[in-house]
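User: Pick one part of this model and take me through it up close, please. Keep it chatty, but spell out any cut-offs.

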Amino acid sequence: MDIRHFLSRIFRYPFSWLLYFAAVSSTAVFAEATKTSVADKPNINAASIPDFMKIIVVNEGKPATKDQMAFDDIYTLNEAMFSIYNKSLAMYKQHFRDRQNLIMALFSAEGGRFILYRAGQPPLEAESPPAVYRIAKSVGHCAMATYDLLAPYSGNAAADPSWRVELQAYRTRVQNALNALDAVDLKKDDRELLRDTLRRVEIFMDNCIKKGSFTYNDVQAYARDIQPNLTKLITLASSTQVSHWYKVLEKWKQLLGKEWVNTYALSNSIYVARQNNILFSILVQFMGEKAINDHLLLLETTDFTTTPDAMMDAFIRIISDRALGKVFFNDYRLMDSELLGSGGRKAIEDEASKRGLKALLPPLVPFNSTEWPWRTDPASGTGPGRMEDIQF
């Protein structure tokens, strides 16, 4: 019996029809009541949920409001954007690697990492600077680490002897380094500078251990005594580093030939390495001032060291967004700056004006500025700008 036959038999009798109508009506009323009940009492079943389940039950508590659901429906566009961006980034990266040359200069404990990405070829990484760079840096850091070890106790070192064990352990390392100096391939003058510095550190350590105490004046006298050596060590390390990378870039410039002018380059920096950034400054000497912020970028990182992959992703995002800026806003370098920045600048000015204040903002400069990416105006501050200018 098909459904039409069944219904014709049912509706042939008025009483049956009334029963059917009542059943359907009661079902609809029940559904509406249930809907209203759930909406009005979102916690109707909360009491029946065991405590151990409440941490994972998703519908306990008030349901999302219409406003919240509407917001989520709109904001999901932004969240979905990231998967699109990531997919596009992979394609942009491959296209760039196939067509362009890139030099990446990264900070490292070895004095930097320089990697040449030639178009369509595997990366070529240069050798690290000579070992004397790391040795000079290690001895210089040892002098400062000794200060860091003791400085927290300089208020009353005798009352808290917990520094002694750690200082004694570090003292052993200093002695091992002194014993190893003669076995390292170094120039005579460099070796003697390193030896004298370590001996000064050693003498200070021994005095502290022997007395079982020290004062702030003792720490300061040690620092001032060893400071001239530290200045010499800085000169030794930096001259070794710069000379090495000059030779590398000279070789790569010759290797790339006429393609050099189209080559991109980037380096990384944290706050303390931004001013007078060594690696970036070396790149400028070879690429020219007009390349700054155009083909030569300085990317901020949260640590001294980062990975080539992280740098590449950040770099490709910048370069690909330049095309986006041209398509949408007719300016190739607009996207190098935060889009909300212009609106934010105006908003800050408006808020300051409401309060009778003058907004403190940097001067407006072109998006395609080739200014150095750090402090350049000598009149903007006070005090020395070089270690050699500091007065004691």
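Analyst: Let's go with α7 and α9, which are oblique to each other (not under 35 degrees, roughly parallel; over 145, roughly antiparallel; or 65 to 115, roughly perpendicular). This is a predicted model, where local features need pLDDT of at least 70 and side-chain atom pairs 80 or more, while totals for chains, interfaces and linings use all residues. Numbering starts from 1 along each chain, and side-chain values use heavy atoms, without hydrogens or water.

Helix α7 covers residues 216–256 and α9 covers 278–287 (DSSP runs of H or I, at least four residues). Their axes (lines fitted to C-alpha atoms over the stretch in contact, angles 0 to 180 degrees between N-to-C directions) come within 10 Å and cross at roughly 40°. The crossing is right-handed (near helix turned clockwise from the far one by less than a right angle).

On the α7 side you'll find Q241, V242, W245, Y246, L249, E250 and K253. They meet I278, L279, I282, L283, Q285 and F286 of α9 (contact is heavy atoms within 4.5 Å). By class, that contact has nine nonpolar, two polar and two charged residues.

Helix α7 turns up elsewhere too. In the largest nonpolar core (buried residues, under 20% relative accessible area, joined through side-chain atoms within 4.5 Å), L150, W163 and V201 touch the most other members out of 30. Helices α4, α5, α6 and α7 each give this core two or more residues, with α4 giving the most, eight.

Notes:
Nonpolar A, V, L, I, M, F, W, Y, C, P; charged D, E, K, R; others polar. Buried < 20%, exposed > 50% of the residue type's maximum accessible area, 1.4 Å probe, protein only.
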